[in-house]
Amino acid sequence: MRKLSDVIRAVCVVALASPLALAWMPPAWFPLGLDGTFTASLHASFRQLAITLGATVAFATLLTVALGYTSVLSQRFGRTVSSILKAVESVPAILIALFCYAPVSVFLARNSSGASQIASLSVFILAATLTTLPEAVRGIAIPLGELYHRKYSLSFRSYGLPKRRILAVLMNSRTMRGTLKRAAAGILLKTLVLDCSFGFVIQLGFGSYGTPAHSSPGALIAANRDALFADGTPLLFWLPSLLLVAISTAFLLMLDHERGMAT
C-alpha cells in the first residue's frame, strides 16, 4: 500500500513540476490565445527558473556535503563555519541578494543584454546558495555527527579506520542519503521563493515598462499586475502565478516525503 502511495506521490510531483520542462518546448505548441510577447516571456522566465534551480541545487549541495563533512571532521572548523552561517542566516534573503548585486550593478548597466543576463544569473545563484547553506549544512552536519559519536564510532574504530574514512562511509549510508535528499528539496524550495520574490521586487523598481536583467516568473507577474484592473487580461497575471503554486507544491511534496521517510 505504501509503495502505491509513493508511486502516486511521484506522479503528482512530476505533473506539478512539469512547467519547468514544458518551458523548453516551442511556444507554438501551447496555443493559449495570448499575446506572443507574453508567451515568449512566459517561456523565457520559466526556462531561466529551471536553470537557476538546477545550478543552485547542484552548487549548494556540493558545498553542503563538503562543509558538513569537514565540520564534523574538525570541531574547530565546524565552530567557525557555524558562526559564519549563523551570521548569514540573520540577514533576510532578499537583502543578501541585493548585497551580492551591488558590486556588479555598474557592469550590468553598461554591458549588453546577453552579458548582463549571464552575470545576473551567476550572481543570483551565488546569493541563493548563501541563503540556503545555513539550514542545509546544519541538516547534514548534525545527523552525521550523531551517527559518528553515538552509533558507529567505536565499532568502526575497532577496525582501525581513521575518522575521515569513517565519516566518508557514513556519508554514503542510507540515512545520510535521505538527509541529503531533504536538504536538496529544501534548497529547491528556498531558491524558488527567493527567485520570484527578488524578480518581483526588481520589476517593481523598473516600473511597468522596464525589463530587469534577472528574468523570473516573479518579474513577469509584477510586470503584468495591471492586468487585474478593468479592461485587463487577468490570465496574464494568474497563469504564471498558478504555475509557480504548482511547482512549489511539488517541492513541498518532495520535502514532506523525505521527512516522512526519516521518521
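Lys-190 is partly exposed in this predicted model, its relative accessible area being 34%. Its side chain meets that of Glu-135 in a salt bridge, with 2.7 Å from N to O. The contact links distant parts of the chain, since Glu-135 belongs to helix α7 and Lys-190 to helix α9, which covers residues 174-206. In sequence the two residues stand 55 residues apart. Glu-135 is likewise partly exposed, and its relative accessible area is 39%. Both values lie between the 20% under which a residue counts as buried and the 50% over which a residue counts as exposed.

The structure holds 2 salt bridges. Besides the pair just described, the side chains of Glu-89 and Arg-138 meet in a salt bridge at 3.0 Å, again taken from N to O. Glu-89 lies in helix α4 (residues 75-89) and Arg-138 in helix α7 (residues 113-157), so this pair ties together parts that are 49 residues apart in sequence. As to solvent accessibility, Glu-89 is partly exposed, with a relative accessible area of 39%. Arg-138 is also partly exposed, with a value of 36%. Helix α7 thus contributes Arg-138 to the bridge with helix α4, and Glu-135 to the bridge with helix α9.

Helix α8 directs attention to buried positions. This helix spans residues 163-171, and its buried residues are Ile-166, Leu-167, Leu-170 and Met-171. When the helix is viewed down its axis, these buried residues fall within an arc of 135°, and they therefore line one face of α8.

Definitions and conventions. Residues numbered from 1 in each chain as written. Predicted model: local features only at pLDDT ≥ 70, side-chain atom pairs only at ≥ 80, totals over all residues. Heavy atoms only, no water. Salt bridge = Lys/Arg side-chain N within 4 Å of Asp/Glu carboxyl O. Helix = DSSP H or I, 4+ residues; strand = E, 2+ residues; numbered from the N terminus. Buried < 20%, exposed > 50% of the residue type's maximum accessible area, 1.4 Å probe, protein only. Arc of directions from axis to C-beta.
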